[in-house]
Amino acid sequence: MRIEENCFIKERHTFRMPVYARWFVEYDTVGDLISLLHSDLLRNHSFLPIGGGSNLLFVHEHYDGVLLHSVIRDVTVLNETDSEVLVKVGAGVVWDDFVAHCVSNGWGGAENLSYIPGEVGASAVQNIGAYGVEVKDIIHEVETIEIATASPRIFTNAECEYGYRSSIFKHALKGKYIVTAVVYRLQKNPRLHLDYGNLRHSLPEGDITIADVRRAVIDIRRSKLPEPDEYGSAGSFFMNPVIPVEQYEALKATYPDMPHYEVDSTHVKVPAGWLIDRCGWKGKEEGGAAVYEKQCLVLINKNNACPGDVVTLADKIKQSVQQTYGITINPEVNYIE
Ligand code: EPU
C-alpha cells in the first residue's frame with residue numbers, strides 16, 4: 001500500500017489538469033482496502049475511489065480528501081466450458097488490456113468496447129458502452145466491499161440495476177460500496193454486434209472475427225476521439241438525452257435531419273454531439289478548454305485548461321442546447337467537488 005500526501009494528480013485523471021489531492025492512496029489487495037476502511041485516515045476524511053480517472057472532472061484545483069486507487073490486478077478463470085468462460089478480473093486492471101486479453105484468447109463479448117479508457121472497477125459502475133454493446137451484457141457478478149462495515153458483498157448482474165451509463169452504484173448505493181473485482185461471462189462462439197453506426201462499413205468482406213471487430217473499433221475511435229497524448233479529455237462529456245417521442249416528432253418538423261435512436265415505444269435518444277454541433281460549438285474555446293473539432297460531445301484540455309474553464313464551457317453548452325431545442329443534456333463525467 002502507498003500513501004502520498006499533497007499529491008499532484010495531473011497524470012491520474014485523463015483531463016490532465018493541474019489538480020492536487022490532499023492524499024493519494026494505492027492498495028494492492030482486498031485485505032489492504034479493509035484495513036484502510038478501519039483506519040483514521042478514512043474515518044476522519046472524505047474519500048473517493050477512482051479508477052483510471054477517465055470520467056472525472058475535478059471542479060477545484062485542490063481535492064481536500066483521500067483518493068483511493070485499486071491496483072488489484074489479478075485475472076482468474078473461474079470456470080470454462082466448451083461455450084463460455086467466467087473470468088474474475090481485479091478492479092485495477094486497465095480495461096483495454098482486459099479486452100485485448102479476451103480477444104487474444106478467442107473470448108467474445110468485449111471486443112466492441114475496445115479502446116475505452118479507464119479500469120475494470122469503473123466499467124461496472126459506469127456501465128461503459130460503445131457500438132451497440134454495454135458492459136452489463138457481459139457482467140456476471142460484481143465483487144465489492146461495503147464501506148460502512150468493511151465487509152464483502154457480491155452483486156448479481158440484476159442487483160446492479162444497470163441502465164444507460166448507470167448502475168445502482170451511481171444512484172441508490174452511491175458512495176456505499178467499493179468494487180474490488182468484476183466477474184465477466186464471455187463466449188467462445190460469440191454473436192457479433194456489427195449493426196451500430198458505421199462499424200460494418202469499417203470491416204473487411206467475408207468472415208469476421210472478434211480481432212477484426214477490435215481493430216475496426218479502435219480505428220473508428222482513433223479517428224473521432226482525441227488520443228490521450230494529444231489532448232486531455234474525459235471521452236464523451238455529456239450523455240445522449242432521452243426524450244419523449246412526441247417531443248422528438250415536434251422537433252423533427254423544424255430539424256428534419258436530427259438523428260435519433262429508438263429507446264422504447266415512448267422514448268428516443270438524441271445524440272448530444274449533434275445538438276452541440278448544430279448550436280455552433282465545434283472548436284469553440286473557453287480559457288484553455290475547447291469543444292473537440294472531430295466530435296462535439298468531447299470537451300478537451302486544449303491549452304493548459306484549469307477546472308473552471310471546463311465547468312464554464314460545459315455550463316454554456318448546456319444552456320445553449322436547452323434554449324435552442326428545449327432539451328436538457330447532463331454530463332456523463334462525474335463532477336468532483
Ligand atoms: N454528431 C454530429 N456532430 C458531432 C458529433 C456527433 O453531428 O460533433 C452526430 C453524428 O454524425 C451521428 C450522431 O451525432 O449522427 C452520433 O454520433 P456518434 O455515433 O459519433 O457518437 P454518440 O452516439 O454521440 C456514443 C457514446 C460513445 C461511444 C459511441 C459509439 C455516449 C454519451 N457516447 O456517442 O461513448 O463511443 O456512441 O458507440 O453515449 C464515451 O462514453 O466516452 C464514449 C465515447
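**Ligand shell.** I looked up which residues surround the ligand in this predicted model, and of the 25 residues around the ligand (a residue counts if one of its heavy atoms lies within 4 Å), Tyr131, Tyr164, Lys224, Gln295 and Cys296 come nearest. I note that residues are numbered from 1 along each chain as its sequence is written, and that side-chain values rest on heavy atoms, with hydrogens and water left out. Local features need pLDDT of at least 70 and side-chain atom pairs count only at pLDDT 80 or more, whereas totals for chains, interfaces and linings use all residues.

By class, I found 13 nonpolar, 6 polar and 6 charged residues in the shell, where Ala, Val, Leu, Ile, Met, Phe, Trp, Tyr, Cys and Pro count as nonpolar, Asp, Glu, Lys and Arg as charged, and the others, Gly among them, as polar.

**Polar contacts.** I then searched for polar contacts (pairs of N or O atoms within 3.5 Å) to the ligand. A polar side-chain atom of Asp277 lies 2.8 Å from a ligand nitrogen, while oxygen atoms of the ligand lie 3.2 Å from a polar side-chain atom of Tyr196 and 3.4 Å from a side-chain N or O atom of Asn240. Taken alone, the ligand exposes 830 Å², of which the protein buries 81% (Shrake-Rupley areas, 1.4 Å probe).

**Elements and domains.** The elements giving two or more residues to the shell are β8 (129–130), α5 (210–224), β13 (232–236) and α7 (272–278), and the largest share, 4 residues, comes from α7; helices (H or I, at least four residues) and strands (E, at least two) are DSSP runs, numbered from the N terminus. Because domain 2 (75–223) and domain 3 (232–335) both give residues to the shell, the ligand lies between them; the bounds come from an automatic or database assignment.

**Backbone check.** Tyr131, one of the residues that come nearest to the ligand, has a positive phi of about 50 degrees although it is not a glycine; Tyr131 sits in the loop between β8 and β9 (133–134) and is buried at 10% relative accessible area (buried is under 20%, exposed over 50%, partly exposed in between; 1.4 Å probe, protein chains only). Ala150, also not a glycine, has a positive phi of about 55 degrees, lies in the loop between β10 (139–146) and β11 (151–156), and is buried at 8%.

**Cysteines.** Searching the whole structure for disulfides (cysteine sulfur pairs within 2.5 Å), I found 0. Cys7 is in none, with the nearest cysteine sulfur, that of Cys306, 20 Å away, and Cys7 is buried at 3% relative accessibility. The sulfur of Cys279 is 9.7 Å from the closest cysteine sulfur, in Cys296, too far for a bond, and Cys279 is partly exposed at 22%.

How values were computed: A polar contact is a pair of N or O atoms within 3.5 Å; within protein, one must be able to donate a hydrogen and the other to accept it, and residues adjacent in sequence count only if both atoms are side-chain atoms.
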